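User: I would like to work through the packing of this model step by step. Could you take my questions one at a time?

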Amino acid sequence: MTFASFIAKNALRNKRRALLTVVSVAVSCGLLVTLLTLQRELTVPPESEAASLRVIVRNKVSLAQPLPAKQLSVVEKIPGVVAVSPFTYFGGNFREETVTSFAQFAVDPARFRDLIVEGKIADGSYDDFIKDRTSCFVGADTMKRYGLKIGDKMRFTGTIYPVDLDLKILAVFQGTVDDRGVFFHHKLLDELMGNPGTVGTWYLRVASADVANDVIARVDKAFENSSAEVRAETERAFQMGFISMLGNVKMLIGSISAVVVFTLVLVTVSTMSMAIRERFRELAVLKALGFKRTELFGFILAESFGLAALGALVGIGGSWAFWTLIDLQKLTNGFLLYFEVTPRIMATGATVAALLGIVSAIGPALAVARTSVVEGLKTLD
Amino acid sequence: MAAEPIVVVRDLSKIYRQGDINVVALDHVSLDITAGEFVVLMGPSGSGKSTLLHIIAGIDRPTSGSAKVQGIDIAQLDESQLADWRNQNVGFVFQSFNLIPVLTAAENVELPLLLTDLSGRERRKQVQTALELVGLADRGHHRPDQMSGGQQQRVAIARALVTDPALIVADEPTGNLDAKSAGDVLAILRSLTLTAGKTVVMVTHDPKSAAYGSRSLHLEKGEIAA
């Protein structure tokens, strides 16, 4: 017999309780990892090198307010701007869907080519897309999800604009951080809307990340005191603005996570307390045989830590496997594109479980340390 | 020349505090126990016999006075030193056996040896010897719940013996046993004093059990009466 086998036998002496403890730690750790991953996905948008060079210009009043199309001639002349395109969110429902499960944007195809430099043409021809104003340029994920092919039609029912779109797929892209979007000719939207002379936003690419802040300042200044003042911001800042519309997600998820951890502490502390209380006399016997307080604390800690670690392994590993294997886009109807359980999140879950193992051992260990051999021997007599 | 006493108790008192009342468990007790003796402590409940046994065994501390075992004043040892001392010098036999239910008989006997520097093989050898001494060499792989009360108590005696301590303390070791098993256990304890030179101090209420001892001491109200 070794100390390790002695600890293992003690930990598993009540198999049902040990199993329930491991399962409760596993479920809680899995839930914690899921919440932390959700928080990350909602609050940290995907970044790419190209995204750091892109700037979005919107109406200073609100994103819902359009901008005059005539601003283009001013924007494209601003030093540091190397490409610019109108970028108008259409927000239509595909086929018979009742929600917008992926975004559609009206762009100037010729100008837009210089903006999504990280994207590759996976199928069809971008030149064909440029030539046909009823065509669209579709992300590979959306093509795959709906089983689409080049030449297929995509019909969108407008939810923001009072018009519907009937677009022919002529090009497919992939390799961007979000390969779901659909891009079509702004001219088509203009025609359908009676040429209002407006765009939703301007999408710019700047010469380098070093000049991005200067360009933003110049764009803002260019339309200062005009009838359509603008607010320019990096793509990342723009995405973060969207996220803020969801409310204080970070605090909400943080609060739920705290409740999960707190409940987990109560469960494991209670379990360990029960397990040790039942063995008070045995521990007193061990003391009588010559085991010291530190050794008994080691036994209790190892037992508690072992159960928590096993639960964490099952919970965190299971969570990682689950979120890696399932089709999240389908499950969330396109709301979440990625749900990556990162090593950092798994380490956080493991740290919580480790702390849990230690914290739940402290109470019972102190109780054992405070109790004399004689008192301990009397406990269950 | 008289043999050296292994236990020397002088002017030993133990006072417990129960609420606002002081309860005198031992009142200026003095006694000597010679190596190889089988001393039986008798007396009514609350007479202080178990308290005296606990102090001699180093699991309780006196309020005043001294208890020296093999020349060491155990009251002066700190918690950690006392734990080491118990491991090396005292074997315990309890009324309710107090074996660890998830361990086999051999593993229970091996427990005190985990604190020594012995190798696994050396430990197993000593465990086997101890089990042979109590007549349970073939029951080492049995768990306590697969054994009778008498067998469990013999395993407990093997556990008390396995570190080869000079002193064995037994607190009502036959209290939970039938007459036959009690006789077997007491015979083993007596043979340990006669053949292995161990010193046994046993607490009992039972005069028949006391008859196995070489000397009986009666305690009344915390004092040795005879």
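User: Which residues does I56(B) touch, not counting residues up to four places away in sequence?

Analyst: This is a predicted model, in which local features need pLDDT of at least 70, side-chain atom pairs count only at pLDDT 80 or more, and totals for chains, interfaces and linings use all residues. Residues are numbered from 1 along each chain as its sequence is written, while chains are lettered from A and ligands numbered from 1 in the order in which they are written. Two residues are in contact if their C-beta atoms, placed from the backbone, lie within 7 Å. With residues up to four places away in sequence left out, the partners of I56(B) are V7(B), V9(B), A67(B), V69(B), V169(B) and V201(B).

User: Is A158(B) buried or exposed?

Analyst: A residue is buried if 20 or more other C-beta atoms (placed from the backbone) lie within 10 Å of its own, exposed if 12 or fewer, and partly exposed in between. Because A158(B) has 30 other C-beta atoms within 10 Å, A158(B) is buried.

User: How many residues apart along the chain are A158(B) and V127(B), and what distance separates their C-alpha atoms?

Analyst: A158(B) and V127(B) are 31 residues apart along the chain. The separation of their C-alpha atoms is 7.7 Å.
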